[in-house]
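The following paragraphs are meant to be read with the coordinates open, moving from the backbone to the ligand and then to a helix and its surroundings. Please keep the sequence at hand for locating each residue as it is mentioned.

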Amino acid sequence: MQTQTHYDVCIVGGGIIGCSIAYYLAKQGLRPLVIEKNTLGSQSTQAGAGMLGAQVEMDEPSPLYDLGIASRSLYKELAAELKDLSGVEIELQTSGILRLAVSEEDRAALRARHKWQGETGQKTEWIEDEELRRDFGNLFGPTFGALFLPDDHQVRNLALLRSLTIAATRLGAIFMEHTEVIGFLRQGNRITGVETPTGKFEADQVILAAGAWSGILGKWAGFDLSVFPVKGQAVLARTLAPVTPFTVFTHGAYMVPKVNQLYIGATMEQVGFDQSPALQGIARILSDAIRIMPPLAKLGMEQSLVGLRPGSSDGLPFIGEVPGLKGILVASGHFRNGVLLAPITGQIITELVTGHKPGFDLSPFSLAR
Ligand SMILES: Cc1cc2nc3c(=O)[nH]c(=O)nc-3n(C[C@H](O)[C@H](O)[C@H](O)COP(=O)(O)OP(=O)(O)OC[C@H]3O[C@@H](n4cnc5c(N)ncnc54)[C@H](O)[C@@H]3O)c2cc1C
C-alpha cells in the first residue's frame, strides 16, 4: 500500500551535501526528510580525501575561492558543535597543506599564487628546497620549492557525515536509506514532492542534492542541469607512524595523513557512470606518489576507493533556485570540493528555504549563469 506523507523539506540524496543541508535546516527547527537510494555517504562522499582545500585547489581568484574560504572558516566551530551534539569527532586536522612545485613552470605558478592569495589576506608561506631538505631529509623527490598553506585543513569524510546525521536526527531530521527517488510530484510550475517505489512524499520544498546523478533527476523534474560524473580513484595505505605531518599536494597525486592511514589520491576520469576500480588509474597515482615521496614505496596497501564527483563544465557548483520552477532548490555540482563546501551550502540553502537573503551572492552559482 502506498503511503503519503508531508514534510517541510525533502532532500534527494544523502551524501555530504544533502546531510549538511539537513543539519543546518534542523538547527533552524525544520524537520527535513533525506531520501537516499543506497546508504548515506556511500557514493562520492566515501571516496573523498576530506581536504578543506580552499587555497590549494584554486589557481586564480574566483567566486569559488571566496565561497571556499567562507566555508572553511565555519569548520572549527562546526567540529565543536557536532562533537557536543553527536559525540562524534570529525577528525579535523589543522596541520595545513604543502603544495610542492615539481618543475620550473609549476614553481612560477605557485609563486604567483603565493602573491595573489596573500593579497586576499590568506596565509601562504614560500619554502625553498634547502629548507625542505633541512626539515624533511629525503622525504621528497626532486622539487622546485613549495607553497605551505597553514589554514587548509582536512577532515575524515565519513566521520563528518556520521556526525552531521546523528546531530540532525537529534534535532528532528529523518533519514531514509535504500529508497530511490524515481520521479517528482508537480502541480503546474511547482514541484510538490517526490515519488519513490514505496510511496509519495509531499514537501513544501524539495532540494536536489543527488551528486553526479543530479542532472538525470533534473531532467525528470523538467529542467536542464549540467552535472556529470567525474570518476576518482584513490588508495588508503597503512601507516604505523605518520609519514608526513601535513597533507602533501602536487601534480598527479596528493597524500593526506589520516589516523594510521595515508590517503593517496586521485584520478580524474570522464567515463560516464562506470565505477569499477581499474588498475591503470591506481598504478598512475601510486607511481606519481612514489616519485614525489619515495619512502611511500614501502607502505602496505589497505584499500582502494572509487567515487563519482559531481562535475560541472565551469567547475562551479549549482546552488539555488530553478528558473521557472517553484518548490525546488538545487545543491549540486560541487566537483572536487564538496566536503570543503558542505557547511556553506547547508547555510545558504537554509537561508533560501527560510526566506532569508543569502549571505553570499549566488549569481555565479545560479542555474541561469
Ligand atoms: C577520489 C575523490 C577525492 C575527493 N577529495 C575531496 C577533497 O579532498 N575535498 C573535498 O572537498 N572534496 C573532495 N572530493 C569531492 C567530494 O567527495 C564531492 O564533491 C562530494 O562528496 C559531493 O557530495 P554530494 O553529496 O553532492 O554527492 P554524493 O556523495 O555522491 O551523494 C549524492 C547521493 O545522492 C544519492 N542519489 C542519487 N540518485 C538518487 C535518487 N534517485 N534517489 C535517492 N538518492 C539518490 C546517491 O546515492 C548519493 O549517495 C573528492 C571526490 C573523490 C571521488
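Ala266 sits in the loop that runs between β15 (261-265) and α9 (279-292), and in this predicted model the peptide bond leading from Gly265 to Ala266 is cis, with an omega near -20 degrees. As a general background to this and to the next points, most residues other than glycine have a negative phi, and most peptide bonds are trans. Asn260, which belongs to the loop between β14 (253-258) and β15, is not a glycine and yet has a positive phi of about 60 degrees. With a relative accessibility of 48%, Asn260 counts as partly exposed, because the range for that class ends at 50%, over which a residue would be called exposed.

A positive phi is also found in Phe335, a residue other than glycine, where the value is near 50 degrees. Phe335 is placed in the loop between β18 (325-332) and α10, and this residue leads directly to the ligand, since an oxygen atom of the ligand is 2.8 Å from a polar backbone atom of Phe335. In Arg336, a backbone N or O atom lies 2.9 Å from a nitrogen atom of the ligand. The side chain of Glu36 also takes part, with one of its N or O atoms 2.6 Å from an oxygen atom of the ligand. How much of the accessible area that the ligand has on its own does the protein cover? Of the 1,000 Å² in question, the protein covers 99%.

The shell behind these contacts can be described residue by residue or by the elements that supply it. There are 39 residues around the ligand, and those that come nearest are Glu36, Thr45, Phe335, Arg336 and Leu340. By residue class, the shell divides into 18 nonpolar, 16 polar and five charged residues. At least two residues of the shell come from each of the elements α1 (16-27), α2 (44-47), β16 (300-312) and α10 (338-353). Why can the ligand be said to lie between two domains? Domain 1 (3-79 + 157-226 + 314-365) and domain 2 (95-151 + 229-311) both give residues to the shell around the ligand, so the ligand lies between them.

Helix α1, one of the elements that supply the shell, also holds Lys27. Lys27 is partly exposed, with a relative accessible area of 38%. Although Lys27 and Leu171 are 144 residues apart along the chain, their C-alpha atoms are separated by 6.5 Å.

Helix α8 (residues 214-221) offers a view of how buried positions are arranged around a helix axis, for Ser214, Gly215, Leu217, Gly218 and Ala221 are buried there. These residues cover an arc of only 160 degrees around the axis, which puts them on the same side of α8. The spacing can be read against a general rule: an α-helix has 3.6 residues a turn, so residues three or four places apart point the same way. Just after α8, Gly222 takes a positive phi of about 100 degrees.

Two members of that buried set deserve a separate look. Ser214, in helix α8, has a relative accessible area of 0% and is therefore buried, and its side chain is joined to the side chain of Ser332 by a polar contact of 2.8 Å. Leu217, likewise in helix α8, has a relative accessible area of 8%, which also makes it buried, because the cut-off for that class is under 20%. Leu217 and Ser313 are 96 residues apart in sequence, and their C-alpha atoms are 18 Å apart in space.

The last stop is strand β12 (residues 227-238), where Gln233 is located. Is Gln233 buried or exposed? At 0% relative accessibility, Gln233 counts as buried. A polar atom of the Gln233 side chain lies 2.9 Å from the backbone nitrogen of Ala278.

Notes:
Residues numbered from 1 in each chain as written. Predicted model: local features only at pLDDT ≥ 70, side-chain atom pairs only at ≥ 80, totals over all residues. Heavy atoms only, no water. Buried < 20%, exposed > 50% of the residue type's maximum accessible area, 1.4 Å probe, protein only. Helix = DSSP H or I, 4+ residues; strand = E, 2+ residues; numbered from the N terminus. Arc of directions from axis to C-beta. Near = heavy atom within 4 Å. Polar contact = N/O pair within 3.5 Å; in protein donor to acceptor, adjacent residues only side chain to side chain. Areas by Shrake-Rupley, 256 points an atom, 1.4 Å probe, with all protein chains shown as cover. Nonpolar A, V, L, I, M, F, W, Y, C, P; charged D, E, K, R; others polar. Domains from an automatic or database assignment.
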